[in-house]
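User: I'd like a close look at one part of this structure, with enough of the surroundings to make sense of it. Here it is.

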Amino acid sequence: MRQTGRHRPLPAPPFAAHDPELRAAARHFASRRRFLTLGAAATALAFATQVPATGVAAARELDAARITEDPFTLGVASGDPLPDSVVLWTRLAPVPYEPGGGLAGQSVAVEWEVAEDERFASVVRTGAATAWPEYNHTLHVDIAGLQPGRTYYYRFRTGSWISETGRTRTAPAPGSAVTGLALAAVSCQAYHDGYYTAHRHVAEDDVDLVFHLGDYLYEYAVDSVGGARRYTDRVLPEVFNRETITLAEYRLRYALYKSDPDLRAAHAAHPFVVAWDDHETENNYAGAIDENGSPPEDFLLRRAAAYRAYWEHQPLRAAQLPSGPDMRMYRRLHWGALAQFDVLDTRQYRSDQAYGDGKQVPGPESDDPARTMTGAAQERWLLDGWRASDALWNVMPQQVCFSQRKLDLNAQALMSMDAWDGYRASRRRVLDGAQAAGVENLIVLTGDVHVGYAFDIKDDFDDPGSRNLGAEIVATSIASGRDGAQRPANWQTYLTANPHLRFYDGRRGYVRVELGREAARADFKTVPAVTTPGAPLSTAASFVTEAGSPGLVPV
C-alpha cells in the first residue's frame, strides 16, 4: 500500500554567518577543554558554519525544470537500517567539481519514492524534500513505516531528471530469530592511490549491509591525473591539488570521491553503516589536537568544517547532524537477536597520542589510567550496551588496531601510539567490561592499517596460552597504499612477534563476514592491483570462530 510523505524531515536552514564571527568565538575559548565543554562556543561555531536550525531559509527556490544537466552525478546511497526505517541520501550537483555544484544559492524541490520491486510497480512510500544550498544540496530522507527484514528499491526525481535506482533493506524485527547475516567491511580509500575496484566487487557481492570503518576521504592533494590512477582521458581541476582545510574544500573533495563509479555502485547496491577515522579531517588528530601543533581554536574550525561536510555526504540521520566541531557518531544497531553492532568513534574524544605519537615502546605515559581512546561517556555507553545486550554476537566496528601488535622482535617492542596499544588502560577497561557483561561472542571490526589481519583477542596478549576473549577482523584498504603485496617486508616479523596474529596480507580488498547461529566466518577478499582498473577478486584466506568458543580457526 502506498503512503505519502512518511519520513522524518530535517529543519530548514537559517541564514549563514561569516568567518570573522566564527574565529572570534573560537579565540574566546582558547583552552581546548573549555572550548569543547562550553555550550556557548559550540553554539557560535554551529551558527557560523551554517549548521541548520529551525528558521527561515535564505535561499530562493529554483524551478527544477530549468536544470539542463543531470543533477544526480554523485549517485544515491542508504544507511543505518532499522526495523522500520532507513536513511536515503543523494546530492544534487549538475556541475560537481564547482563550489555549489552548479546550483549555488538556490534550493531545489526533490521527489522520492520507495518500492518493493526495482521496476517500481509496487510503490510503498512517496514524498518530497528540499535540497538546501546550506546543506550543499544533499538530502537525508529518513523513511519511516517500512516493514522489517525487507528489501526495498528507491530513487529520486527533480524536474525531468531521475536518479539511478538504489537497493536497500531494513533490519529484522527486534528480537527476531534471524539465522544469518552477511556484511562487507571496508576502509581507507585514498583516491590518489588507485581505483576502487574492490568497491565494484562489493557491489556485486550478496551482502546485507556494508560497514565503512573510516578514511572514506583523504585530505591530501590529488593532482590533475588522479595520482596513481594516471588518467589520460580527463584532467582534474587544480582545486583538488591542495590539502583540504575549509568547508568548501572538503565539500569539493567529497564530490571527487563520490563521483567514482565503483563507489557509486557499492552505495547503490547496499545500505552502509559509516564510521570515520582521522583522514576525513586530518592525519592522526586526537580530539582537539592536530598533528602540526596548531592552536586548538584554529584546528576546531577545521574540524567543524570536516564534520559538516562528512555528515552532508553520508547516509546519516539528523541525530548525527554536527553542532560546530562536535558530532555524535557512536551509535547502536541491531540485527534481530543475532547481532548487536556498537559503532565507535575513536578520534573525537581520545587523549593525545603518548610520547609524541608514532612507534614507541609503551611506558608510564601511554599506560596512564586517565588516558582514554573513547572518552568516558562513550565508554560507559559501550559497557552499558553490552550489559543490556541479548544478541548472540556483539560486534564492535571501530577504527584502529585493537589487539596488541608488536612491531619488532625486541624484548621491549615498539608499538603504535595511535592504536589501542597506546591506550592500554582504556583497552583493559573495555575487555574487563565485556567479561563482566557476559559477552561470549565478541567480534571487533577494524580498518586504518591498509592490510588484512586476523587476531585472537587475548585476555593477556603477552601470554600465548591466555584465553581468547573474541576475534578482531581487520579489513585492508580499498585503495590506500596502492597495490600492496601479499607478504610485506615485515610479514614474518609481525607473525613471530604476535602469536595471536593468525593472518596477515598486504593487498587491497575487503572482508566478507557471515554471522550465523553456530559460527561466524570471515573471508579475506583481495585484488592484485588498484593502480590499473578492473582487477579480479580472490579469497586470500577464510577463518571461522564458533559461537561460545572464541578463537579463529582457518578453513
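How many bridges pair β24 with strand β25, and in which sense do the two strands pair? Please take that as the starting point and walk me through strand β24 and whatever else belongs in the picture.

Analyst: Sure. One thing up front: this is a predicted model, so read everything below in that light.

To your opening point: β24 and β25 (residues 519–527) pair in the antiparallel sense, and eight bridges hold the pairing. The two strands form a hairpin, with two residues between them. If you want a spot to look at in that pairing, take V511, whose bridge partner in β25 is F524.

The hairpin is just part of the story, since β24 pairs with other strands too. Strand β12 (residues 180–186) runs antiparallel to β24 and is joined to it by six bridges. A handy marker there is A184, which has R512 as its bridge partner in β24. Notice that V511, with its partner F524 in β25, comes right before R512, the partner of A184. So much for that stretch of the strand.

Then there's strand β21 (residues 452–458), again antiparallel to β24, this time with four bridges. Here F455 has L501 as its bridge partner in β24. Strand β23 (residues 484–485) is antiparallel to β24 as well, and two bridges join them. In that pairing, G484 stands opposite R507 of β24.

Now, is β24 enclosed or open? Of its 16 residues (501–516), 14 are buried, so the strand is largely enclosed by the rest of the structure. For background, side chains in a regular strand alternate between the two faces of the sheet. As for the whole protein chain, buried residues make up 62% of its 555 residues.

The link between β24 and β21 also shows up in the side chains. R502 forms a salt bridge with D456, and the closest N and O atoms are 3.3 Å apart. That pair links distant parts of the chain, with R502 in β24, D456 in β21, and their positions 46 residues apart in sequence. The two partners sit in unlike settings: R502 is partly exposed, with a relative accessible area of 34%, whereas D456 is buried at 6%. So in this corner you have F455 bridged to L501 and D456 salt-bridged to R502.

While you're around β23, have a look at the loop leading up to it. R482 lies in the loop between β22 (468–474) and β23, and its phi is near 60°, a positive value in a residue other than glycine. Most residues other than glycine have a negative phi, which is the reason to pause there. At 39% relative accessibility, R482 counts as partly exposed. N284 has a positive phi as well, near 55°. That residue is found in the loop between β14 (272–274) and α7, and with a relative accessible area of 18% N284 is buried, given that the cut-off for buried is under 20%.

For contrast with the R502 pair, try two salt bridges within helices. In helix α7 (residues 296–312), R308 and E312 lie four residues apart, about one turn of the helix. They form a salt bridge whose closest N and O atoms are 3.0 Å apart. R308 counts as buried at 0% relative accessibility, and E312 is buried with a relative accessible area of 0%. Helix α8 (residues 376–388) holds R387 and D384, which are three residues apart and so separated by about one helical turn. Their closest N and O atoms are 2.1 Å apart. R387 is exposed, with a relative accessible area of 51%, while D384 counts as partly exposed at 42%.

The salt bridges come to 32 by count. Some are joined up: E111, E113, R155 and R157 are linked in a network of salt bridges.

Finally, to set β24 in context: the protein chain has 10 helices and 27 strands. Among its contacts between residues at least 6 apart in sequence, 71% join residues at least 24 apart. The accessible surface comes to about 20,200 Å², and 50% of it belongs to carbon and sulfur atoms.

Definitions and conventions
Residues are numbered from 1 along each chain as its sequence is written. This is a predicted model: local features need pLDDT of at least 70, side-chain atom pairs count only at pLDDT 80 or more; totals for chains, interfaces and linings use all residues. Side-chain values use heavy atoms; hydrogens and water are left out. Buried means under 20% relative accessible area, exposed over 50%, partly exposed in between (1.4 Å probe, protein chains only). Contact means heavy atoms within 4.5 Å. Accessible areas come from the Shrake-Rupley method with a 1.4 Å probe; for residues, only the protein chains shown count as cover. Two strands pair if DSSP finds at least two bridges between them. A salt bridge is a side-chain nitrogen of Lys or Arg within 4 Å of a carboxyl oxygen of Asp or Glu.
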